[in-house]
Amino acid sequence: MNILLKLTKANIKMYFRDRAALIWTLFFPFVIISIFGVLDFAKYSTSKIGLAYTEETEEYAKGVKTALENIGDYYKIEEGSIEDEKKALTDDDRLIVLEFTTNQETKKLDVTAYLNKSNEQSAQSVFLIIQKVLSDFELQMNQVEPIFNIESEVINVFELRNIDYLVPGVIAMSLMQGGLFGVVGTIVTFREKGILKRLFATPLSKGNFLISQILSRLLISILQVIILLISSYLVFQIKIVGSLILVALTAILGSLVFLAMGFTISGIAKTTESARAIMMPIQMLLMFTSGVYFSREVLPNWLFDITAYTPLTYLADGLRDIMTRGHNLSDRYIQTALLGLTIWFLIFVAIAIKTFKWEKKS
Amino acid sequence: MKKKIIKVKNLSKKYADLQAVDHISFEVHENEIFGILGPNGAGKTTTIEMMEGLRTIDSGDIKIYKIDIDRNPEKAKEILGIQLQDSEYFDYLNLCEILKLFGSFYSKSVDPKEILNKVQLSTKGKSFVKELSGGQKQRLSIALTLMNDPKILFLDEPTTGLDPQARRMMWELIEKLRHENRTIILTTHYMEEAELLCDRVAIMDEGKILEKDTPDNLINKLLKKGFKKDIQVKEANLEDVFIDLTGKQLRD
């Protein structure tokens, strides 16, 4: 017991003295949160509406403009010549362009709408709004009383901000990095440098050594999660709806999965260098396909289906459901996430037992 | 007749198709410095790692204080002081912390400060391994073998790669440890080192022990066969010149 405590203490001390590890596991994740938290990637698609009108049609165009502005500040209205507006539309800088002209024969008002194909759904709904605004005009001018009285009310739902989505994902990512680098940085490096051999030339048991490694890594992971949560709370006022204990348990389980994955990789790789070479692409791939920075919904369908089963997806989704939606153990999604993590853990442990080597292969 | 505290009988070890150690037998007496000499690949390290309980044996028998090492490697580790060939230590623990940590693995251990003093590293307690010179690193690895105050020390090439001053310092340290009533098993490439330090040596090649005796007896045996050196040996050699010019004290 005493040995276990002393080794664990020494491991944690070594971790805090290793600046590179500190930066990667504590500082870097928060930088990621800050960068992605400040930028709003949801606004990449245009919401500008272009109006082009003639002198005779100006009155109607302005009416439509006022009506659109009354809906709220979802849309930015631009005015200009039809040539300029159509150019802007083909440059993907307009959602929809409306051309107001007068038909010379019928003397009627012609409204032509040009819709942006890249974002057709939004363009169509704007087009509906415009049709409604124009028919209201018509009713008013003809002095017809409308039959329906339509009212709407906005219901408050849980608003998932970009940052709320991001924080659980980045926590999952840093747990992954901590687990992988933790094993490779200690066990593989120690093995390579002959430190393991020297340690086991003393009465120290392999069991004690392993337990202390896992224990110290878990403590560091918990600390990592706490620091990320507190700093994101202080800087971005993130809200945590669910149980903190469940967050901690999920984080520990996730950390164990990636520790086991680290052991698996270090069993296959002979040196620190080759372990990193295996780890990096796996890490990158998981990072961008497991809904860490952005929702997996942007992935093509086949990739979306496959990536539902990655350990990082289970961890990120699990943490996110607990933190932002307040889901608990009785929830189907949480159960799936925890089950998925457990299965991955068992798979990695099984492979690690087969492949792991204490001694340097010569 | 001195007490025989280590008995090795018919010891063998094979790696794939290489017979690393081939039926060797020898004994080590209490409080002697026993040298295992031989070219690279002779089987020196394999032999002592089997004696330390770090490697299993194929056949034969090793007894240290009547403990069967192959059956009780854990017991052996508790009482032996083991220094390995070129091992490294933790980057982010200072010397004191490394010694303390290693000490905690034994049921009883000595004060790290006392040990650092003994190996002349008392001012380096707060330093990290990367700040040490080659000689200091080697002295740290000797210090680590002393944490359980062992009666038997295994030193695997403790002077390889050291400059003449650091080597002389290591020799003094090894002599000092013997005077503290320890038994030392030493491997080396350097014959003058073996001649100076060892009470008895075993000369190995290709896994076999070719000769084992005191250095004096071995030399006399060779001379009796009518051996003559090609060049007349002078009273001093170039190393003596080097030490005379640069001084014997250690440069760290």
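Two strands are taken as paired here if DSSP finds at least two bridges between them, and in this predicted model strand β3 of chain B, residues 33–37, meets that criterion with strand β9 of chain B, residues 200–205, since four bridges join these two parallel strands. Within this pairing B:I36 has B:A202 of β9(B) as its bridge partner. The strand β9(B) is also joined to β10(B), residues 208–213, by five bridges, this time in the antiparallel sense, and here B:A202 stands opposite B:K212 of β10(B). B:A202 can thus be followed to B:I36 in one pairing and to B:K212 in the other. The connection between β9(B) and β10(B) is a hairpin with two residues between the strands, and in its turn B:E206 has a positive phi of about 50 degrees.

Positive phi values recur elsewhere in chain B, and they deserve a closer look, given that most residues other than glycine have a negative phi. B:A16, which is not a glycine, has a positive phi of about 45 degrees, and this residue lies in the loop between β1 (4–15) and β2 (18–29) of chain B. B:A16 counts as exposed, because the number of C-beta neighbours inside 10 Å is 5, and the cut-off for an exposed residue is 12 or fewer. B:H23, likewise a residue other than glycine, has a positive phi near 50 degrees, but B:H23 lies in strand β2 of chain B. With 14 C-beta neighbours inside 10 Å, B:H23 counts as partly exposed.

Taken as a whole, chain B has nine helices and ten strands. Its radius of gyration is 19 Å, close to the 18 Å that the globule rule gives for 252 residues, so chain B is as compact as a globular protein of that length. Along the principal axes, the C-alpha atoms of chain B fill a box of roughly 55 × 50 × 40 Å, and 40% of the 252 residues count as buried. Of the contacts in chain B with a separation of 6 or more, 68% are accounted for by residues 24 or more positions apart.

Chain A, to which we now turn, has 13 helices and four strands. Its radius of gyration is 29 Å, whereas a compact globule of 362 residues would have a value near 21 Å, and its C-alpha trace spans about 100 × 40 × 35 Å along the principal axes. Buried residues make up 34% of the 362 residues of chain A, and residues 24 or more positions apart account for 78% of the contacts with a separation of 6 or more in this chain.

Among the strands of chain A, β1(A), residues 48–53, and β2(A), residues 76–79, pair in the parallel sense over four bridges, with A:G50 standing opposite A:E78 of β2(A). Between these two strands the chain passes through helix α3 of chain A, residues 58–71, and the resulting β-α-β crossover is right-handed.

Another place to examine in chain A is A:F236, found in helix α8, residues 206–236. This residue is partly exposed, with 18 other C-beta atoms within 10 Å. Leaving aside neighbours within four places in sequence, A:F236 is in contact with A:G37 and A:I163. The C-alpha atoms of A:F236 and A:V38 are separated by 9.2 Å, although these residues are 198 residues apart along the chain.

The interior can be followed through the nonpolar cores. The largest nonpolar core has 78 residues, of which A:I171, A:A172, A:L319 and B:A143 touch the most other members. Helix α6 of chain A, residues 162–193, supplies the largest share of this core, 17 residues. Not counting residues up to four places away in sequence, A:I171 touches A:V225, A:L228, A:A251 and A:L319. Another core, of 43 residues, lies apart from the largest one, and among its members are B:L11, B:L155, B:I184 and B:C198.

Finally, the two chains meet in a contact that takes 20 residues from chain B and 17 residues from chain A. On the side of chain B that touches chain A, α2 (73–79) and α3 (95–104) of chain B each supply at least two residues, and the largest share, four residues, comes from α3(B). By class, this side of chain B has eleven nonpolar, two polar and seven charged residues.

Notes: Residues numbered from 1 in each chain as written. Chains lettered and ligands numbered in written order. Predicted model: local features only at pLDDT ≥ 70, side-chain atom pairs only at ≥ 80, totals over all residues. Right-handed = clockwise from strand over helix to strand, strands pointing away. Rg over C-alpha atoms; globule rule 2.2 N^0.38 Å. Buried ≥ 20, exposed ≤ 12 C-beta atoms within 10 Å, placed from the backbone. Contact = placed C-beta atoms within 7 Å. Nonpolar A, V, L, I, M, F, W, Y, C, P; charged D, E, K, R; others polar. Core = buried A, V, L, I, M, F, W, Y, C linked by C-beta atoms within 7 Å.
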